[in-house]
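The exercises that follow ask you to read strand pairing, burial and salt bridges from a model. Please work through each task before turning to its solution.

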Amino acid sequence: SMIDMAGIAPSSWTTVSYTSVSVTQSNAAALWLQGSTMTTVSYSTAVNNSGTRSAVYLDNASNNNFTVLFASNPDNVGVALYARNSDTNTVTLSHLWAASRSVNLDIGSDYNTISFSTMIGRDSFGLWINSASASNTVTQTYMSGMADGLRLGNGSDYNTISLSTIIAGSN
């Protein structure tokens with residue numbers, strides 16, 4: 001059932017505001033946007049403690065907007081925000097923290113924008129743009145990770161990082 005997969009699974013054109021969601025189910029995301037478009041999440045908190053799902057999971061999701069979001073995943077291999085094949089989403093004025101990778105744009109996630117935000121991956125990466133995820137924009141952000149503050153993987157072309165602080169090796 002859907003309740004086993006997510007605390008909240010908003011459909012398209014949904015607004016989630018002033019909401020706090022926390023999950024403990026091992027393969028559930030706090031917020032799961034599967035195929036969602038034009039969803040707005042603002043002034044909200046998403047927390048899970050799972051190595052198999054992120055606090056916020058975008059799967060084939062596009063044109064969604066996250067503003068003043070706190071997302072956290074303290075699991076040793078946890079991710080705060082994971083985007084898979086998800087395009088033109090916006091994250092702004094947000095704080096994303098995870099024990100492993102804070103934000104992972106993966107498998108063809110293109111044209112996303114992250115601005116005025118903090119991404120901290122305690123043991124790994126602040127931001128990992130991977131697997132042919134291209135043309136993303138990151139501006140005026142703070143990225144920190146024990147391995148890398150920012151890691152660009154295979155096929156991650158034409159990404160723009162500007163006016164940002166990137167720190168590796170300490171948190």
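**Exercise 1.** Is arginine 122 buried, partly exposed or exposed, judged by its relative accessibility?

*Solution.* The model is a predicted one, in which local features need pLDDT of at least 70 and side-chain atom pairs count only at pLDDT 80 or more, whereas totals for chains, interfaces and linings use all residues. Residues are numbered from 1 along each chain as its sequence is written, and side-chain values use heavy atoms, with hydrogens and water left out. The classes are buried (under 20% relative accessible area), exposed (over 50%) and partly exposed in between, with a 1.4 Å probe and protein chains only. Arginine 122 has 30% relative accessibility and therefore counts as partly exposed. Its salt-bridge partner is aspartate 123, with N and O 2.8 Å apart, and aspartate 123, at 40%, is likewise partly exposed.

**Exercise 2.** Which parts does the salt bridge between arginine 84 and aspartate 59 tie together?

*Solution.* A salt bridge requires a side-chain nitrogen of Lys or Arg within 4 Å of a carboxyl oxygen of Asp or Glu, and by this rule the count comes to three. In the pair formed by arginine 84 and aspartate 59, the closest N and O atoms are 2.8 Å apart. Arginine 84 belongs to strand β8 (residues 79–84) and aspartate 59 to strand β6 (residues 56–59), so the pair ties together parts that are 25 residues apart in sequence. Strands here are DSSP runs of E with at least two residues, numbered from the N terminus. Arginine 84 is partly exposed at 30%, whereas aspartate 59 is buried at 9%.

**Exercise 3.** In which sense do β13 and β16 pair, and over how many bridges?

*Solution.* Two strands pair if DSSP finds at least two bridges between them. Strand β13 (residues 118–121) and strand β16 (residues 142–145) pair in the parallel sense over four bridges, with glycine 121 having glycine 145 as its bridge partner in β16. Strand β16 is also joined in parallel to strand β19 (residues 165–168), again by four bridges, and there tyrosine 142 stands opposite threonine 165.

**Exercise 4.** Is glycine 149 buried or exposed?

*Solution.* Glycine 149, placed in strand β17 (residues 148–152), has a relative accessible area of 1% and is therefore buried. Leaving aside neighbours within four places in sequence, its contacts (heavy atoms within 4.5 Å) include Phe125, Met143 and Ile166. The C-alpha atoms of glycine 149 and isoleucine 166 are separated by 5.1 Å, although the two are 17 residues apart along the chain.
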